[in-house]
Amino acid sequence: MNARQILSPVALLAATATALLSVGVPAVASPGDDYTRSYFGDGNLPAGCVVDRDPLNPDNTCYHMKVGLNALDDPQIDVAVLAPVSPGVERDLRVGEQAVQMWGEGIDYLADEMGMEWLADGVDFNITTYELKVDPAGLLVDPIDLVDPEIVVIMSNPAGGIGIGIDPVSFAGELGIVDGEGTPCFVEDDPLNFESWQGKKGFDQHGQENGGTYVADCGGVGGNVCFAVNGAVDPVPGASDFFPLYELVAHEVGHCLTVGHVGHVGDGADGPWGPTTTNDIMAYSADPPGLAKCVSTLDVEGFALRMSRYIDRDGDGEVTRRDRLAANDVAGDGTSSFQVQHPRDHRYASATGSPADCPQPDQGAVPLAVGDFTPDPVASTRPLLRTSRTTVQDGRVVVTGQAANVPLGKLPTRRSASAEDATGDGGTPVTDLSSMSVRTDRKFVRATMSVGQVAPTAVPGSVTAYSLLVDGRRFDSFIGTGDPSGVVKVMDNGTGYYLPDGTATWNADNTVTFKIRRDYLADQQITAPYTVNAVTGYHLRSNDWVATADSVPDALGVQVAAPRMPRRDLRDAPVAGKVTRSTVTLTPEGGVTKLPTDSTLGLGGLVSAVDTMDYFTIPVEQQSTVEVTLEWTGASVFAMSVNGGSSQVVEEGENRVTVTVPWARRDLSVTVDPQQVVEPTTFTVVARSTTVIDDGDRDGVPDVADACPRDRGPSTGAGCPDRDGDGLFDSADRCPTKASVSVTGCPTRADERVQLWVDDRLAAERTVVSRGVPAAFRLASAGAVGAGEHRVEVRWVRDGKVVARSARTVG
C-alpha cells in the first residue's frame with residue numbers, strides 16, 4: 001500500500017505566529033535490533049513487570065494495553081472510508097486512508113521486525129474510499145450499500161462555521177451493510193451525523209474524544225463490522241482539537257483492530273494503569289507535540305492475539321486452538337484481558353524505532369508527494385565490547401565485561417545548555433519567547449525561559465500556558481480554572497499527573513522557571529541525556545492544547561548530559577529497626593459530611609465542574625504495611641483508592657472499604673469518591689501502620705511483598721530473579737543461567753554470543769541478550785593455560801558474524 005509521507009509544518013490559528021517545532025525524542029536502533037521477544041500466555045510477564053492497577057506503585061514500571069475490544073474475525077481486512085462532499089473532501093479522504101495505511105503497513109513492518117512472519121504474511125488491508133454526493137438541498141443523493149467490510153470509517157467532520165466540510169446533520173441518506181451473500185444486516189439512516197451514533201446502544205465513545213466505535217454483528221458470512229466514527233473539527237492540522245483528525249481516525253481504527261488504550265484501564269476517563277506510553281497511537285495523549293504517531297510493538301502484540309484465531313501460526317496447514325495466543329494478564333481489570341510489555345521492548349514502526357521518526361502523513365489542502373508507511377530500518381547504534389577485567393586464576397583465563405549497543409555519534413557531555421530565539425515571533429508579548437537555558441544536577445532538570453511579558457497569575461483560568469518538553473514529554477504550567485489563589489499548576493500532559501507545587505514559577509522578571517524531578521522522569525522511562533524545548537501556547541481546561549505560539553529552539557531541542565542519580569531512591573523510606581504500630585485518623589474530628597449534590601455517580605469530576613472527591617496523604621516515615629479503612633453512615637455508596645504502595649488488597653463490606661498495602665515505602669495518596677449520596681452522610685478514614693523488617697533473602701523486598709522470598713532478586717518488582725538477564729523470570733526460564741531470546745529461554749543457534757579466544761583457540765563462550773539493555777558476562781577458559789604470555793581476545797558474534805572484539809596480552 002502507498003501512503004503520503006510528508007511532514008507539513010504545524011499550522012497555527014490566525015491569531016498566532018507560525019512556529020515549527022521539531023520534538024526532541026532520542027533515537028534508538030531499528031525495532032528488530034532492540035525487541036527481545038513477545039510474552040504471550042497468562043502469567044508470562046516479562047522479568048521486572050508486575051500486575052497492579054496502581055499507577056503510583058513504584059514497582060509498576062511496565063506498559064499495559066487492554067485487548068480484545070472487538071470481535072474482528074477476518075485477517076483479510078476490508079476498510080471503507082466515507083466522507084461527505086465538501087471543499088476539503090479530498091483531503092478528508094486522504095487523511096482517513098493514510099490513517100488506515102499507517103496501521104496496515106506499520107503492522108506488516110513491525111511483525112517482520114518482531115519475528116512474527118505469520119502475522120505479516122497472513123494479514124492484508126484493502127482500503128476503499130467513498131465520496132458521498134449531496135444534492136443542492138444538502139441531502140445524500142443515493143443510499144450506499146457496502147459489501148462485507150470489516151471496518152467502516154465515517155469521516156463525520158462538521159463545518160462548524162469554519163468551512164472545511166458540510167455539517168453532517170444535513171444528510172438524510174442511508175448507509176447499508178450487506179454480507180458476502182448480499183443479505184442486508186445493518187442500516188443507518190443518518191450515518192454522517194455524529195450524534196446519531198452517540199445515541200446508539202453500544203456506541204463506545206472514549207472520554208471527551210470526538211470519536212468512538214460501534215460494532216454490528218452481521219453473523220454468518222458477514223461477521224462483525226466495526227464503525228470508526230470521527231467527529232473532530234480539524235480545520236487546520238495541529239491548530240485545534242486535542243486530537244487532530246488523522247490521529248483521531250487512526251486511534252479509533254486501532255479500537256476496531258481490537259486493541260485498547262495503552263497505559264489506561266479501559267477508557268482514558270477511568271484513569272491510568274501503570275506508566276503511560278504517551279507517544280503510542282493508542283495512548284490517551286497528544287505527545288509528541290507536532291508529530292503524528294505510528295504503530296508500536298505493543299499494538300502489534302495486542303492485534304496478534306486476535307489474529308492468532310484465524311491464521312495458521314504454527315504452519316501445520318490448518319487453523320486450530322494450538323494457534324491461539326493468550327494475553328499475559330488474562331484477569332486484567334475483571335472484564336477484559338491486558339497485554340503487559342517491558343519498556344525495553346517498546347518500539348515504533350519507524351526507521352529507528354523512535355516515535356520521533358514515525359512516517360508522517362500528508363495533511364495539506366493540496367496533495368504533495370506520495371510516500372509509504374513502511375520505512376527502511378536504519379541503524380542508530382553500534383556494538384561496543386568492553387572488558388573490565390582480564391586475569392589468570394588457577395591457570396585459567398577469566399574475563400568479565402559488557403556487550404552493549406551504544407548510540408552512533410557523540411552524546412552530549414555538558415550539563416548545561418542554552419538557546420536564543422528571535423523576538424516578536426510569538427504572536428503576543430505573553431507568549432513570545434526570547435531564550436531558554438537548561439542545567440541538570442543529581443535531582444533535577446532545571447530550565448529558565450525568558451518571555452516578553454509573563455502572563456499575570458492573578459487571572460484564574462487564563463488560557464496562556466508555558467511548557468517544558470523533555471524528550472518529547474510536555475509539562476504544562478498554567479493557572480487552574482476558577483482558582484483565585486494564582487498558584488501555578490504543573491501537569492504531566494502525557495499522564496495527567498499533577499506535579500508538586502513549586503515545580504514551575506512565573507516570575508516578575510518575565511521568566512518562567514521549571515525544576516522537574518529526575519526520579520519522576522526515570523519512572524516515565526525518560527533518562528539522560530535529555531533533549532529539552534521551551535514552548536508557549538494556548539489551552540483549554542487542563543490538557544487540551546489549542547495552539548502553539550512560540551518555541552525555543554525552533555529546531556531540535558537543546559541536549560544536556562546529567563550526573564549519575566543517587567543510588568538509593570531518595571523517595572523511599574528507610575527500613576525500621578524493629579516492629580512498631582501506629583494509628584492515625586485522616587479525617588477531621590466528627591468526620592466529613594457529604595450531600596446528595598456531591599454524588600459523582602462513579603464518574604469523578606465529569607459530572608460537575610466542582611470536584612467533590614476528598615484527598616488525603618499518609619506520610620510513610622518507615623517501610624510499613626498500611627491498612628486504610630473508610631467507613632460511612634446511611635445507605636450511600638462510597639469508593640476509595642489508595643495509591644503509592646507496591647500492591648494492595650481490597651475488602652468491601654457494609655458501609656466499609658478496607659485497602660491493605662503490604663509494602664508501603666513512599667507516602668500514600670488516598671482518594672474518597674462519594675459515588676451515590678442519597679442523604680446527608682458522614683465518613684471517616686483511619687490508617688493503621690505496622691513496620692516491616694523481615695527480608696529472608698536480603699534482596700530489599702520484604703517477605704510480605706516478595707513473590708520469591710527464598711530467591712534473591714532485584715530490590716524492586718516482585719523480588720524474583722532473572723539470573724541470566726534475558727528477560728524471563730527464572731521460574732519461567734528452562735535454562736535460567738543461559739541467556740536466550742527464545743520462548744523457552746534456552747539458547748538456540750540464533751542467539752548472539754560472546755567468545756573467549758586464547759592464543760587463537762576458542763576457550764569458552766556463552767550466549768548473551770543485548771537487546772534493549774547492556775549484557776554483562778563472565779568467561780573462563782575450560783582448561784588451564786601454560787606459563788608465559790598469552791593473547792586473549794573476546795569476540796561478540798551476531799548472526800554468525802563478529803560485530804565487535806577486544807584483545808590484550810596477559811601473563
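This is a conversation between a student and a tutor about a predicted model and the terms used to describe it.

Student: What should I know about the model before we start?

Tutor: The model is predicted, so local features need pLDDT of at least 70 and side-chain atom pairs count only at pLDDT 80 or more, while totals for chains, interfaces and linings use all residues. Residues are numbered from 1 along each chain as its sequence is written, and side-chain values use heavy atoms, with hydrogens and water left out.

Student: How many helices and strands does the chain have?

Tutor: There are seven helices and 39 strands. Both are DSSP runs numbered from the N terminus: helices are H or I with at least four residues, strands are E with at least two.

Student: What share of the chain is called buried?

Tutor: Of the 811 residues, 56% are buried. The word means under 20% relative accessible area, with exposed meaning over 50% and partly exposed in between (1.4 Å probe, protein chains only).

Student: And what is the accessible surface of the chain?

Tutor: About 33,500 Å², of which 49% belongs to carbon and sulfur atoms. Accessible areas come from the Shrake-Rupley method with a 1.4 Å probe, and for residues only the protein chains shown count as cover.

Student: Why is helix α6 called largely enclosed?

Tutor: Helix α6 spans residues 297-307, and 11 of its 11 residues are buried, so the rest of the structure largely encloses it. Among them are T297, D299, E301, F303 and R306.

Student: What covers the buried residues of α6?

Tutor: The cover includes β1 (63-67), β2 (76-84), α2, α3, β11 (259-262) and β12 (338-341). It is found through contacts, meaning heavy atoms within 4.5 Å.

Student: What makes R665 and D59 a salt bridge?

Tutor: Their side chains meet at 2.9 Å, N to O. A salt bridge is a side-chain nitrogen of Lys or Arg within 4 Å of a carboxyl oxygen of Asp or Glu, so an Arg and an Asp at 2.9 Å qualify. In general, side chains of opposite charge can pair when their charged atoms come close.

Student: Where in the chain do these two partners lie?

Tutor: R665 is in the loop between β32 (656-664) and β33 (668-676), and D59 is in the loop between α1 (31-34) and β1, 606 residues apart. Both R665 and D59 are buried. They also belong to a network of salt bridges with D572 and R666.

Student: How do you know that K489 and D501 form a salt bridge?

Tutor: Their closest N and O atoms are 3.6 Å apart, and that value is within the 4 Å limit. K489 sits in strand β20 (residues 488-492) and D501 in the loop between β20 and β21 (504-506).

Student: Why is K489 called partly exposed and D501 exposed?

Tutor: K489 has 25% relative accessibility, so it falls between the two cut-offs and counts as partly exposed. D501 has 54%, which puts it over 50% and therefore makes it exposed.

Student: What about E631 and R656?

Tutor: Their closest N and O atoms are 2.7 Å apart, and they form a salt bridge. E631 lies in strand β29 (residues 624-632) and R656 in strand β32. E631 is partly exposed at 36%, and R656 is partly exposed at 35%.

Student: What makes D108, D112, E117, D121 and D124 a negative patch?

Tutor: Asp and Glu count as negative, Lys and Arg as positive, and His and the chain ends are not counted. Patch residues have over 30% relative accessible area and no salt bridge; like charges are joined within 9 Å, nonpolar side chains (Val, Leu, Ile, Met, Phe, Trp, Tyr) within 5 Å. The place of a charge is NZ of Lys, CZ of Arg, CG of Asp or CD of Glu. D112, in helix α2, has 40%, so it passes the area cut-off.

Student: Which residues make the nonpolar patch?

Tutor: V575, V579 and I693 make a nonpolar surface patch of about 230 Å². V575, in the loop between β25 (558-560) and β26 (581-585), is exposed because its relative accessible area is 53%.

Student: What is notable in the backbone at Q525?

Tutor: Q525 has phi near 65 degrees, a positive value in a residue other than glycine. The loop between α7 and β23 holds Q525, and P529 is found there too. A cis peptide bond joins A528 and P529, with omega about 0 degrees.
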